[in-house]
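Q: I would like a close look at one part of this model, followed outward to what surrounds it. Please keep the account plain and tied to the coordinates.

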Amino acid sequence: MNTLLLRKSKDKLKAFTKHPYFGYIVFGLILLAAQLLTMSGMIQKSTMDSIILTLIYAVIALGFSLLLGYGGLASLGTAGFVGLGTYFTGYFAGTLDLPFGLTILISLIGAVLIGTIVGFISLRIEGMYLAIITLGLSEILVEVFKSFEAFTNGVDGLSFRTFDLFGRLMSDEAVYIIIIIVFVIVMLATINIIKSPTGRALLAMKNSTSAAQSMGISLLKYRLLAFIISTVYAVLAGMLYMINSKFSIPTTWNLALSLNILAAVIVGGSQSILGITLGAFMIFGLSPAILSNIQFFIDHPAAISIFNGLLIILVVMFYPGGLIRLLQTFVAFVKKKYVEFKQKWKEYRYGKDE
């Protein structure tokens with residue numbers, strides 16, 4: 001009886017660990033544990049700051065991966081949409097002092113409207129031309145951020161203070177926990193989209209639009225959906241950025257940021273959530289979290305950019321599938337060596353089979 005119960009418990013545990021959500025929830029728990037260690041002083045706050053900033057950019061990259069990695073749609077307007085999220089937060093929740101829930105609703109509605117507009121444009125224009133159109137839209141948004149002072153406070157930037165439900169100024173630790181929880185929710189939402197008919201339809205559309213149409217896939221529906229989801233992710237990340245950094249300035253939301261998001265997706269692996277997170281850390285978090293604490297890079301700060309550039313070149317040249325392909329290769333190598341070691345130990349312990 002005890003053996004049967006033990007076997008059932010093992011089967012349940014195995015089924016639980018094999019669940020698609022398991023790894024992402026464990027990853028979120030590790031991040032929360034890291035935050036607790038930071039609060040106890042075991043991890044430097046600057047390191048945790050870099051990790052949290054990486055998570056915010058990873059949210060943007062996850063939305064961009066659905067657009068590029070699955071939908072095959074190019075966009076260089078991501079930075080402008082993120083900036084819009086910061087100003088939505090700063091203006092509605094800060095300047096107008098609206099409830100944060102209402103601010104989220106207004107921001108998401110704005111994201112859906114912009115995503116719909118760009119989605120309709122994508123029906124007539126494709127490839128690099130679409131990327132240029134979205135870049136132009138982003139540049140228009142940046143100019144609006146600079147000139148529309150009533151909304152953005154112009155070139156001086158807009159500041160923001162985060163309050164909790166009781167009207168008290170929210171601590172950095174509480175903000176970090178909120179960002180980690182939102183990041184885990186975004187990962188779970190992304191894996192659901194990927195595994196759903198929507199994800200398969202986007203992938204079919206990327207591989208061949210004519211073949212996708214012949215299978216009854218509506219280009220109008222799924223292109224609109226891809227841009228809406230990507231824009232919602234970008235605006236949401238902008239809101240997280242604002243509650244974390246508490247300041248937004250128009251020049252931050254430029255072409256360089258959009259290109260860095262593109263680099264994070266390509267370097268990490270455009271169809272892997274873990275790969276994209278690794279890519280975001282490599283582009284946005286590696287320097288402040290690790291390199292900035294090494295004496296050589298402290299003495300030669302320009303070497304950080306050189307190191308990052310060389311690292312990106314090497315990954316793209318030798319692992320075009322991204323960092324996730326490198327990680328998978330390493331895991332496969334370790335498993336192979338483990339099996340070989342296990343076999344050799346068995347032969348040593350019990351002798352070779354005749």
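Is Gln-35 buried or exposed, and at what relative accessibility?

A: The model is a predicted one. Gln-35 has a relative accessibility of 1%, and because buried means under 20%, Gln-35 counts as buried. Gln-35 sits in helix H2, which covers residues 22-39. Once neighbours within four places in sequence are set aside, Gln-35 is in contact with Met-48, Glu-173, Tyr-176, Ile-177 and Ile-180.

The helix around Gln-35 comes next. H2 has 18 residues, and the distance from its first C-alpha to its last is 26 Å, close to the 26 Å expected at 1.5 Å a residue. Along with Gln-35, the buried residues in H2 are Tyr-24, Gly-28, Leu-31, Ala-34 and Thr-38. Viewed down the axis of H2, these buried residues fall within an arc of 115°, so they line one face of the helix. The face turned away from that buried side carries Leu-29, Ile-30 and Leu-36, which are exposed. The cover over the buried residues of H2 includes helix H3 (45-70), H8 and helix H13 (273-289). Just after H2, Gly-41 takes a positive phi of about 90°.

One of the buried residues of H2, Leu-31, also appears among the contacts of Phe-183. Apart from neighbours within four places in sequence, Phe-183 is in contact with Phe-27, Leu-31, Leu-55, Ala-58, Val-59, Leu-62 and Thr-277. Phe-183 belongs to the largest nonpolar core, which has 82 residues. Within that core, Phe-183 is one of four residues that touch the most other members, together with Ile-52, Leu-62 and Trp-253. Helix H11 (residues 219-245) gives the most to this core, with 15 residues. There is also a second, separate core of 5 residues, including Leu-286, Leu-291, Ala-303 and Ile-304.

Two members of that second core, Ala-303 and Ile-304, are also among the buried residues of helix H15, where Asn-308 and Val-315 are buried too. The buried residues of H15, seen down its axis, fall within an arc of 140°, so they line one face of the helix. On the other side of H15, the exposed residues are Ala-302, Ser-305, Ile-306 and Met-317. H15 runs over residues 302-318, and at 1.5 Å a residue its 17 residues should span 24 Å; its end C-alpha atoms are 25 Å apart, which agrees.

To return to H8, part of the cover over H2: helix H8 (residues 172-195) packs against helix H9 (residues 197-207). Their axes are 4 Å apart, at an angle of about 65°. On the H8 side the residues involved are Ile-193, Ile-194 and Lys-195, and these meet Pro-197, Thr-198, Gly-199 and Arg-200 in H9. By class, the residues of this contact divide into 3 nonpolar, 2 polar and 2 charged.

Ile-193, in helix H8, has a relative accessibility of 17% and therefore counts as buried. Beyond its neighbours within four places in sequence, Ile-193 is in contact with Leu-66, Thr-198, Gly-199, Ile-229 and Tyr-233. Its contact Leu-66 is 127 residues away along the chain, and the two C-alpha atoms are separated by 8.7 Å.

Two loop residues deserve a note on backbone geometry. Lys-246 is not a glycine, yet has a positive phi of about 65°. Lys-246 is in the loop between H11 and strand E2 (247-248), and at 22% relative accessibility Lys-246 counts as partly exposed. Asn-153 likewise is not a glycine and has a positive phi of about 65°. Asn-153 lies in the loop between helix H7 (149-152) and strand E1 (158-159), and is partly exposed with a relative accessible area of 37%.

For contrast with the buried residue in the question, Met-128 in helix H6 (residues 127-147) is exposed, with a relative accessible area of 56%. The C-alpha atoms of Met-128 and Glu-347, which are 219 residues apart along the chain, are separated by 59 Å.

Technical notes:
Residues are numbered from 1 along each chain as its sequence is written. This is a predicted model: local features need pLDDT of at least 70, side-chain atom pairs count only at pLDDT 80 or more; totals for chains, interfaces and linings use all residues. Side-chain values use heavy atoms; hydrogens and water are left out. The expected span of a helix is 1.5 Å times one less than its number of residues. Buried means under 20% relative accessible area, exposed over 50%, partly exposed in between (1.4 Å probe, protein chains only). The arc is that of the directions from the helix axis to the C-beta atoms. A nonpolar core is a set of buried Ala, Val, Leu, Ile, Met, Phe, Trp, Tyr and Cys residues joined through side-chain atoms within 4.5 Å. Contact means heavy atoms within 4.5 Å. Axes are lines fitted to C-alpha atoms, for helices over the stretch in contact, and angles run from 0 to 180 degrees between N-to-C directions. Ala, Val, Leu, Ile, Met, Phe, Trp, Tyr, Cys and Pro count as nonpolar, Asp, Glu, Lys and Arg as charged, and the others, Gly among them, as polar.
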